[in-house]
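Grab a pencil and let's work through a protein model together. Try each exercise yourself before you peek at the solution.

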Amino acid sequence: MLGGKGNGASQVQHTAPVPAHAVRFTTPVVETPAAFIIGRWAWRLLAFLVALPVRYPLSVASVAVLVGSWALWDWVGPAVVCTVAVVGGLVWRRYHRASFRRWVVLRLLGLVRGIWVYRRHWQPVLVVSGLAESYLERQYLPRIRSVVCSEWADRVRVKLVPGTAPSDFEERTPQLAHGFQAPACRVEVLGPLDVVLEFPRRDMLADPIGAMPVPDGGDAVDLAALPMGRCEDGRTWTMRLHGTHVLVAGVTGAGKGSVIWSAVRAMLPAIEAGLVRVRAVDPKRMELSYGRPLFHRYADSGEACVELLEEAVRDMQARADTYAGRLRSHTPTAEDPFEVVLLDEVAFLTAYHPDREVRRRAENAMATLTSQGRSVGFAVLAALQDPRKEVMNLRNLFPDKVALRLDEASQVDMVLGPDARDRGADAHLIDPSAPGTAFVRLEGSKIPTRVRAAYVSDADIDAMTAAETGGEGEG
Ligand SMILES: Nc1ncnc2c1ncn2[C@@H]1O[C@H](COP(=O)(O)OP(=O)(O)OP(=O)(O)O)[C@@H](O)[C@H]1O
């Protein structure tokens, strides 16, 4: 029988725990003497006091001046110091508002928000969102190193607990944003165990941005940094077009037109000077037809669009032949202008056109332009509503992408790359009432940045075409 002594099985009570080992060694618990604990506290207090003048030089200097003046002149001293400080501050603010904001207002704000918003709620928010680590019944929390306020956001620099990774934070950005009552949270990795959590305080992109000023003259046009609109930190959003290709993706009404027109506007003097030539493919006949006089070539029907693309390919190959063995990069000149191919709703040609032959030829021409055009001064700026592979399998040939409002969360990574959503590029959550808002990866940054394209109105386009045609385009 199974339970019998003869089969070698020992008698075990059903409810008793089964020991993992016959002998268990446990660490002896030694009580720490109180003197050690008090000594450690005293040491930490001393280290804090010694570090104070280095960490907070202005605050420590102010307190020292107040105390010194009080010691020297009784209450008159602090009264005089405070009066001088207040009057000096008012004069400073009156004559140099920007530096006063940077050095006084934003620093004080950082101090107050650091204590009141972040340090006060740090432990509960991190514990509830699952970012606190436990080991041998002790809790380990990432440590706040500093809180710095800019005009639009709080940057909380954090030292991670060894053994954890920045991706733990990237996965919990919604919890952090809600926990600290911010509209969003972005994670930037500075180094090992060193990350910055960026919490926007206000939306610098809430109001529409008027068309950017047209550069003065062809020489002022920087094709590597065309002014397109504004970044969420208030800086001008600039976009490279020379030496790259740009894909602009967004649902209908997301503002693809404003990205295309802002780029054309930023190149206008160079177009007039003959340093840039634009070919426009406009199958919808709505967006680009308005500015026809600005374009070297324009096409709207399926067959004409493909012919335009194939002509661009022939020109590109002819230029590559003349450059072969002589030149390795392109500089725009009147003889060899920078050639831009604008494609509005590229899926019309690659997926929706009923004629399979047109689709095949369009895709071949686009693939050739995007894979060979960069170094010989050909760029493609294409707009697209649906970024899925079935619709546009050439999207990886576009090195730069702009993600306007998208339909689904999964489309964000299709447009901006695999980790874009984890890093806070919530293009699917862009407010439909803020067209032109997008996420882009700026040069030299791995973090997607929120931007808003300037709105180029019909009147602005009229003025641009009038300038090109010497007044005929007006009205
Ligand atoms: N940058 C912007 N700032 C403010 N409003 C904008 C901006 N861009 C577009 N809009 C507004 O949104 C409307 C739709 O924009 P637009 O036609 O550019 O979208 P789209 O993405 O090209 O849509 P579709 O694919 O249907 O052509 C415009 O008529 C305009 O009123």
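Below are four exercises on this predicted model, each with a worked solution.

**Exercise 1. Work out how the radius of gyration of the chain stands against that of a compact globule of 475 residues.**

Solution.
- Step 1: start with the reference, since a compact globule of 475 residues would have a radius of gyration near 23 Å.
- Step 2: now take the chain itself, which has 31 Å.
- Step 3: check the box around the C-alpha atoms, which is roughly 100 × 90 × 50 Å along the principal axes.
- Step 4: look at what fills that box: 13 helices and 16 strands. Buried residues come to 33% of the 475.

**Exercise 2. Is Leu108 buried, partly exposed or exposed?**

Solution.
- Step 1: find Leu108 in helix H4, which covers residues 97-128.
- Step 2: count its neighbours, and you get 13 C-beta atoms inside 10 Å.
- Step 3: compare with the cut-offs: 20 or more means buried, 12 or fewer means exposed, and anything in between is partly exposed. So Leu108 counts as partly exposed, because it has 13 such neighbours.
- Extra step: hop from Leu108 to Asp426, 318 residues away in sequence, and the C-alpha atoms turn out to be 31 Å apart.

**Exercise 3. Find which strands stand at the edges of the open sheet of 4 strands.**

Solution.
- Step 1: write down the strand order, S3-S4-S6-S5, with antiparallel pairing.
- Step 2: look for strands with a single partner, and you land on S3 (143-149) and S5 (186-191). Those are the edges, so one side of each has no neighbour in the sheet.
- Step 3: follow the twist, which averages 25 degrees from one strand to the next.
- Step 4: zoom in on S3 and S4 (residues 153-159), an antiparallel pair joined by 6 bridges. Val148 has Arg155 in S4 as its bridge partner.
- Step 5: add the helix, as H4 lies across S3 and S4 and runs at about 145 degrees to S3.

**Exercise 4. Which residues touch the most other members of the largest nonpolar core?**

Solution.
- Step 1: recall the general idea that in soluble globular proteins, nonpolar side chains tend to be buried together.
- Step 2: go through the 86 residues of this core, and the answer is Val248, Ala263, Met267, Leu309, Leu342, Leu381 and Ala403.
- Step 3: try Ala263, leaving out residues up to four places away in sequence, and you find it touching Leu226, Met228, Met239, Leu241 and Leu381.
- Step 4: look apart from this core for another one, which has 16 residues, including Leu126, Leu160, Cys185 and Leu197.

Methods:
Residues numbered from 1 in each chain as written. Predicted model: local features only at pLDDT ≥ 70, side-chain atom pairs only at ≥ 80, totals over all residues. Helix = DSSP H or I, 4+ residues; strand = E, 2+ residues; numbered from the N terminus. Rg over C-alpha atoms; globule rule 2.2 N^0.38 Å. Core = buried A, V, L, I, M, F, W, Y, C linked by C-beta atoms within 7 Å. Contact = placed C-beta atoms within 7 Å. Pairing = 2+ DSSP bridges. Axes fitted to C-alpha atoms, helices over the stretch in contact; angles between N-to-C directions.
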